[in-house]
Amino acid sequence: QGIWTWLLSYVHKTHDFSQLAIGLPRGFGKTMLINIFVLYCILFTKKQFILIICGTQTKANNVITDIISMLSETNIKRVFGDWQISCYTDRQDLKRFGFRGRNIILMGAGAEADIRGITLENARPDVMIFDDIQTRADADSETVSTNLETWMFGTAMKAKSPEGCLFVFIANMYPTKWSLLRRLKHNPTWMKFIAGGILADGTSLWEDLQPIAQLLREFENDLSAGRPEIFYAEVLNDENASVNTNIDISKIPICPFEQEIQEGGIHQGNYIIIDPATDKANADAVSIGYFEIWDGRPVCKEIIEGKLSPGDSIRESLKLCFKYNCTLIAVESNAYQYSYLYWHNFICQQMGIIGINCVDIYSGQKSKNSRILEMFKALLAGEIYLLNAVRP
């Protein structure tokens with residue numbers, strides 16, 4: 001009911017381009033809510049072109065079918081009239097009809113469909129709904145998720161009506177750092193309404209639909225399977241869902257220098273750290289972190305990860321050096337990894353680059369796990385900070 005009231009407070013605005021992100025758990029009627037909202041737009045607002053985008057074209061067509069079924073209900077016809085009388089396009093993915101004094105366009109599309117510059121009857125979408133456009137498999141892939149996010153912002157949302165468009169994104173969290181809802185939650189240009197399936201008082205968000213006893217059994221099942229993060233993310237909409245039990249990620253403090261950094265403030269120093277990896281098939285990714293010193297504390301500003309050769313690692317690091325005017329690269333140099341210094345000197349000489357220093361650092365006698373736990377403690381104590389862009 002809270003989300004419904006929230007939606008209605010925006011849908012009647014004119015010349016408005018509000019962006020609303022709704023997070024509801026799986027199985028709590030996300031799509032039904034959207035169906036009723038679209039029906040409301042047709043019956044009670046001046047909206048004319050409603051574009052519904054789902055993960056696939058088939059899902060979008062099913063949503064259109066459900067909405068049309070509601071429009072065709074006997075009570076709706078008696079009160080508002082029969083939409084079919086003035087219908088002149090009746091396809092699975094597109095309905096066009098005259099209704100309640102205006103021409104209505106109801107269109108469905110799949111994610112990453114070709115809708116650039118879409119115009120029908122000299123009209124562009126004035127309501128755009130993104131309903132579960134990211135699948136669980138998509139959320140596991142950085143490349144797929146990035147391409148989807150780029151398409152959403154660069155293609156779909158740019159097809160809006162110049163007279164105003166309400167954007168509604170509705171989904172649930174996924175236990176990966178590429179979850180779109182997680183990314184929108186930290187995007188200051190989006191208004192957010194995100195709820196978990198179990199409320200703070202221990203009751204179910206919707207007891208009649210999903211009783212608390214059933215939800216707890218579901219959690220026990222996921223826990224027994226060794227995958228509690230699935231329940232945390234997809235039912236509780238917890239963006240910090242993780243299999244890591246060594247740290248409560250939600251307690252890591254927000255960087256107090258975020259705004260100053262975004263506004264171009266002057267740091268006290270900067271550097272890059274490379275955490276190398278072997279080229280074995282099951283090896284970890286190479287991680288390259290760019291850090292700045294603010295008030296004497298390191299702040300991680302950007303991270304690059306991937307299966308990179310020593311040469312490619314150095315090239316990516318040099319790009320960060322040019323981007324941030326940084327002259328120091330530190331490489332963890334245990335065992336063979338010392339060869340990164342050779343590659344740095346070789347590539348800099350080859351490309352005529354001077355003034356960027358590459359130094360070796362060693363982990364000492366402490367085990368890897370103990371060093372990781374010390375870093376967790378430093379994060380919790382505010383001795384190291386993360387910008388929002390790298391928190392995931």
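# A tour from strand S5 outward

Select strand S5 to begin: eight of its nine residues are buried, so S5 is largely enclosed by the rest of the structure. What is on screen is a predicted model.

**The sheet around S5**

Now add the other strands. S5 belongs to an open sheet of eight strands, in the order S3-S4-S5-S2-S6-S7-S1-S8, and the pairing is mixed. At the edges stand S3 (87–90) and S8 (191–194); each has a single partner strand, so one side of each is left without a neighbour in the sheet. Direction ignored, neighbouring strands of this sheet are turned against each other by 15 degrees on average.

**The two partners of S5**

Keep S5 (residues 102–110) and show S4 (residues 94–99) beside it: the two run antiparallel and are joined by six bridges. To find one position in this pairing, pick phenylalanine 97, whose bridge partner in S5 is isoleucine 104. Then move to the turn. S4 and S5 form a hairpin with two residues between them, and arginine 100 in the turn has a positive phi of about 55 degrees.

Next, swap S4 for S2. Here the strands run parallel, and six bridges join S2 to S5. Leucine 51 is a useful residue to label, with methionine 107 as its bridge partner in S5.

**Helices laid across the sheet**

Select residues 57–71, which are helix H3. H3 lies across S2 (49–54), S4, S5 and S6 (127–131), and runs at about 150 degrees to S5.

For another part of the sheet, select residues 2–11, helix H1. H1 lies across S1 (19–23), S7 (166–171) and S8, running at about 170 degrees to S1.

**H1 against H2**

With H1 still selected, add helix H2 (residues 30–44). The axes of H1 and H2 come within 12 Å and cross at roughly 35 degrees. The crossing of H1 past H2 is right-handed. To see the contact, show the side chains of Ile3, Trp4, Leu7, Leu8 and Val11 on H1, and of Leu33, Ile36, Phe37, Tyr40 and Cys41 on H2. How many residues of this contact of H1 with H2 are nonpolar, polar or charged? Ten are nonpolar, none is polar and none is charged.

**Asparagine 35**

Stay on H2 and pick asparagine 35, which is placed in this helix. Is asparagine 35 buried or exposed? Its relative accessibility is 2%, so asparagine 35 counts as buried. Apart from residues up to four places away in sequence, asparagine 35 touches Val63, Asp66, Ile67 and Met70.

**Leucine 205**

The last stop is leucine 205, in the loop between S8 and helix H8 (212–224). With a relative accessible area of 32%, leucine 205 is partly exposed. Expand the selection to its contacts: leaving aside neighbours within four places in sequence, these are Leu24, Pro25, Phe28, Ala195, Gly196, Gly197 and Leu199. Finally, draw a distance from leucine 205 to glycine 29. The two are 176 residues apart in sequence, and 11 Å apart in space from C-alpha to C-alpha.

Conventions. Residues are numbered from 1 along each chain as its sequence is written. This is a predicted model: local features need pLDDT of at least 70, side-chain atom pairs count only at pLDDT 80 or more; totals for chains, interfaces and linings use all residues. Side-chain values use heavy atoms; hydrogens and water are left out. Two strands pair if DSSP finds at least two bridges between them. Helices (H or I, at least four residues) and strands (E, at least two) are DSSP runs, numbered from the N terminus. Axes are lines fitted to C-alpha atoms, for helices over the stretch in contact, and angles run from 0 to 180 degrees between N-to-C directions. Contact means heavy atoms within 4.5 Å. Buried means under 20% relative accessible area, exposed over 50%, partly exposed in between (1.4 Å probe, protein chains only). A crossing is left-handed if the near helix is turned anticlockwise from the far one by less than a right angle, and right-handed if clockwise. Ala, Val, Leu, Ile, Met, Phe, Trp, Tyr, Cys and Pro count as nonpolar, Asp, Glu, Lys and Arg as charged, and the others, Gly among them, as polar.
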